[in-house]
Amino acid sequence: MTIVMEPTRTAGPPYRLASSGPQQSERTVLEIGGRKLGGEHFALIAGPCTVESREQTLTTAHAVRDAGATLFRGGAYKPRTSPYAFQGLGREGLRLLAEAKEQTGLPIVTELMDVRDLEPVLDVADVIQIGSRNMQNYSLLTEVGRCRAPVLLKRGLSATIQELLMAAEYILKEGNEAVILCERGIRTFDCDHRRSTLDLMAIPILKQLTHLPVIVDPSHAAGRRDLVLPLSLAAAAAGADGIIVEVHPRPEEAICDGPQQLVAAEFAGYVQRLRAAVAIAGKSLGSEPPSGALSAGDGG
Ligand code: PEP
Ligand code: MN
């Protein structure tokens with residue numbers, strides 16, 4: 001019997017392309033319609049849960065743009081727990097998002113649920129959102145991996161960090177390098193008083209494991225408007241590269257997710273508080289130059 005010694009393969013992480021290993025030691029910084037996301041650039045993606053009407057969409061888009069948001073969000077196709085609930089305006093919703101972009105200049109983030117809607121979504125979206133429920137829809141991930149538009153990939157409700165990175169790998173493997181990871185709350189034993197548990201630890205852990213930008217959705221994590229600011233501040237301080245947050249002109253009338261949407265008229269105050277936390281983390285929100293660590297005299 002002859003024993004042949006084969007060189008052992010160094011076991012790197014299975015998410016080969018997402019890994020921040022020696023092959024990719026630099027952080028991925030995306031430029032989306034002139035707005036940077038990643039590195040020292042903090043992105044603020046704001047807008048309604050769903051596109052409901054022209055007035056609601058355009059009012060929100062102007063309010064968040066004027067307050068300092070860098071991208072506009074809004075769902076035209078909505079993943080709803082109940083098949084009887086409002087499913088989104090579909091093509092009409094996409095048309096309204098295009099109008100919001102034309103009027104405000106804000107790049108659009110919108111969800112793709114079905115690969116059959118890829119073309120119309122791509123016509124409008126600057127960033128394609130893959131929702132938490134579809135994080136492991138591998139055929140959908142493969143299809144968006146074949147396009148050039150950046151993909152915002154939300155963590156599944158019960159997905160581990162490794163499963164999130166493997167899902168990102170499906171997109172990267174097809175040649176699309178523009179993937180943004182999003183922590184949006186996970187399911188734990190405790191769902192008293194909140195919708196889910198925001199996994200803040202996922203931020204620094206992901207930043208160690210991957211070069212991809214990591215953002216946080218405090219709205220879906222909390223399900224409550226009053227928790228959105230504290231969670232946003234914590235996420236920014238923990239090193240997130242951005243926030244995606246829901247905003248509505250009249251949340252009490254919202255068709256979907258009313259209790260968690262911030263009031264559009266109060267959004268500027270939220271942004272002001274968020275900016276301070278972003279600065280503490282050495283990043284800048286929007287076009288302002290990075291302010292770095294607070295210097296003496298900034299404390300007043
Ligand atoms: C959304 O952002 O519109 C949404 C449905 O979020 P999630 O997929 O995280 O539930
Ligand atoms: Mn929502």
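In which helix is the place of Gln56? In this predicted model, Gln56 lies in helix H1, which covers residues 54–67.

## Gln56 and its surroundings

With a relative accessibility of 1%, Gln56 counts as buried, because buried is the word for residues under 20%. Leaving aside its neighbours within four places in sequence, Gln56 is in contact with Pro48, Thr50, Val51, His248 and Pro249.

The side chain of Gln56 also takes part in several polar contacts, and it helps to go through them one at a time. Its side chain reaches the backbone nitrogen of Glu52 at 2.8 Å, and it reaches the backbone oxygen of Thr50 at 3.0 Å. A further polar contact, of 3.2 Å, joins the side chain of Gln56 to the side chain of Thr57. As a reference for distance across the model, Gln56 and Leu209 are 153 residues apart in sequence, and their C-alpha atoms are 39 Å apart in space.

## Ser53, in the loop before H1

Ser53 is found in the loop that runs between strand E3 (41–47) and helix H1. Is Ser53 buried, exposed or partly exposed? Its relative accessible area is 27%, and Ser53 is therefore partly exposed, since that class lies between the limits of 20% and 50%.

The side chain of Ser53 reaches the backbone nitrogen of Gln56 at 3.1 Å, which links this loop residue to the helix residue described above. When neighbours within four places in sequence are left aside, Ser53 is in contact with Leu89 and Leu96. Ser53 and Gly93 are separated by 40 residues in sequence, while the distance between their C-alpha atoms is 8.0 Å.

## Thr70, in the loop after H1

On the other side of helix H1, Thr70 has its place in the loop between H1 and strand E4 (71–73). Thr70 counts as buried because its relative accessibility is 7%, and the limit for that class is under 20%. Not counting residues up to four places away in sequence, Thr70 touches Arg35, Ala43, Leu44, Leu106, Pro107, Leu285 and Gly286.

## How H4 and H5 cross

Helix H4 (residues 138–145) and helix H5 (residues 161–173) have axes that come within 6 Å of each other and cross at roughly 40°. The two helices are therefore oblique to each other, because an angle of this kind is neither under 35 degrees, which would be roughly parallel, nor in the range from 65 to 115 that counts as roughly perpendicular. The crossing of H4 and H5 is right-handed.

On the side of H4, the contact is made by Tyr138, Leu141, Thr142, Val144 and Gly145, and on the side of H5 it is made by Ala167, Tyr170 and Ile171. Sorted by class, the residues in this contact are 6 nonpolar and 2 polar, with no charged residues.

## Buried residues of H4 and H8

Which residues of H4 are buried? They are Leu140, Leu141, Thr142, Val144 and Gly145. These buried residues pack against helix H3 (118–124), strand E6 (127–130), strand E7 (151–154) and helix H5.

Helix H8 (residues 225–237) has buried residues as well, namely Val228, Leu231, Ser232, Ala235 and Ala236. H8 is followed by Gly239, which has a positive phi near 105°.

Methods. Residues are numbered from 1 along each chain as its sequence is written. Chains are lettered from A and ligands numbered from 1 in the order in which they are written. This is a predicted model: local features need pLDDT of at least 70, side-chain atom pairs count only at pLDDT 80 or more; totals for chains, interfaces and linings use all residues. Side-chain values use heavy atoms; hydrogens and water are left out. Helices (H or I, at least four residues) and strands (E, at least two) are DSSP runs, numbered from the N terminus. Buried means under 20% relative accessible area, exposed over 50%, partly exposed in between (1.4 Å probe, protein chains only). A polar contact is a pair of N or O atoms within 3.5 Å; within protein, one must be able to donate a hydrogen and the other to accept it, and residues adjacent in sequence count only if both atoms are side-chain atoms. Contact means heavy atoms within 4.5 Å. Axes are lines fitted to C-alpha atoms, for helices over the stretch in contact, and angles run from 0 to 180 degrees between N-to-C directions. Angles under 35 degrees count as roughly parallel, over 145 as roughly antiparallel, 65 to 115 as roughly perpendicular and the rest as oblique. A crossing is left-handed if the near helix is turned anticlockwise from the far one by less than a right angle, and right-handed if clockwise. Ala, Val, Leu, Ile, Met, Phe, Trp, Tyr, Cys and Pro count as nonpolar, Asp, Glu, Lys and Arg as charged, and the others, Gly among them, as polar.
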